[in-house]
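Reader: I have a model open and I keep tripping over the labels people put on residues. Can you walk me through how a few of them are earned?

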Amino acid sequence: MYRQKQRLITPLVTTAAVALIPLAAACGNEKAGSEPGSDSVGAERPVTGVRWKVDSVTVDGKTHRAGRDTHLTFDEKTGKAGGRLGCNHVNAKATVRDGHITLGAPSTTRMMCDASLMDTERALLNLFNKTLSYRVDADNLVLTSENGNTLRAVADE
């Protein structure tokens, strides 16, 4: 009788263990401090220390696609933002705090490029000397100004 019970119980225990392994692996993956009921799972990518490849900027309802080498970085240690706006390089003071980035006045190189690159560059420069809210969702960054202008970027690995 003991052997019959053991034959029945062993497959049940094995099946239960196999079924619980994915659940146990999923536990602990939620972001610390995430809101209950939030869809956020996993660690949020930081804004600082990442090279953000700019996809587009929307100013006054008009979306400008960025050139392939348009990027920004935010350095927490130096308090600076830097990158390339498509044609020219840019640097500015930057403070990242509490879901906001305050960008100072931009300092740029002064090269002339194709008109479409210059249009995008002017649109990007509209975001400087302001405080922007930011949202990071996985590898995507969205910066939004008070008047609704936005910059969309993706982490460049």
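**How the labels are earned**

Author: Sure, and keep in mind that this is a predicted model. Start with Glu121: this residue is buried but has no salt bridge, and Arg84, the nearest side chain of opposite charge, is 7.0 Å away.

Reader: What makes you say that Glu121 has no salt bridge?

Author: A salt bridge needs a side-chain nitrogen of Lys or Arg within 4 Å of a carboxyl oxygen of Asp or Glu. The nearest side chain of opposite charge to Glu121 is Arg84 at 7.0 Å, so the label is not given.

Reader: Where does Glu121 lie, and which residues does Glu121 touch?

Author: Glu121 belongs to helix α2. Leaving aside residues up to four places away in sequence, Glu121 touches Leu85, Gly86, Cys87 and Asn88.

Reader: Cys87 caught my eye. How do you know that Cys87 and Cys113 form a disulfide?

Author: Their sulfur atoms are 1.8 Å apart, and the cut-off is within 2.5 Å, so the pair counts as a disulfide. A search of the whole structure turns up 1 disulfide. The pair links distant parts of the chain, 26 residues apart: Cys87 sits in the loop between β4 and β5, and Cys113 in the loop between β7 and α2. The link is right-handed, with 75° about the S-S bond.

Reader: Why is Cys87 called buried, and why is Cys113 called partly exposed?

Author: Buried means under 20% relative accessible area. Cys87 has 0%, so Cys87 counts as buried. Partly exposed runs between that cut-off and the exposed one, which is over 50%; Cys113 has 28% and therefore gets the label partly exposed.

Reader: And what makes Asn129 and Ala138 exposed?

Author: Asn129 has 56% relative accessibility, so Asn129 counts as exposed. Ala138 has 55% and therefore counts as exposed too. Asn129 lies in the loop between α2 and β8, while Ala138 lies in the loop between β8 and β9.

Reader: What is the phi of Asn129, and what is the phi of Ala138?

Author: Asn129 has a positive phi of about 65°, although it is not a glycine. For Ala138, phi is near 60°, again a positive value in a residue other than glycine. Most residues other than glycine have a negative phi, which is why such values get flagged.

Reader: One last thing: which residues touch the most other members of the largest nonpolar core?

Author: Trp52, Phe74, Leu103, Leu141 and Leu151 do, in a core of 27 residues. β1 gives the most to this core, with 4 residues.

Methods. Residues are numbered from 1 along each chain as its sequence is written. This is a predicted model: local features need pLDDT of at least 70, side-chain atom pairs count only at pLDDT 80 or more; totals for chains, interfaces and linings use all residues. Side-chain values use heavy atoms; hydrogens and water are left out. A nonpolar core is a set of buried Ala, Val, Leu, Ile, Met, Phe, Trp, Tyr and Cys residues joined through side-chain atoms within 4.5 Å. Buried means under 20% relative accessible area, exposed over 50%, partly exposed in between (1.4 Å probe, protein chains only). Helices (H or I, at least four residues) and strands (E, at least two) are DSSP runs, numbered from the N terminus. Lys and Arg count as positive and Asp and Glu as negative; His and the chain ends are not counted. Contact means heavy atoms within 4.5 Å.
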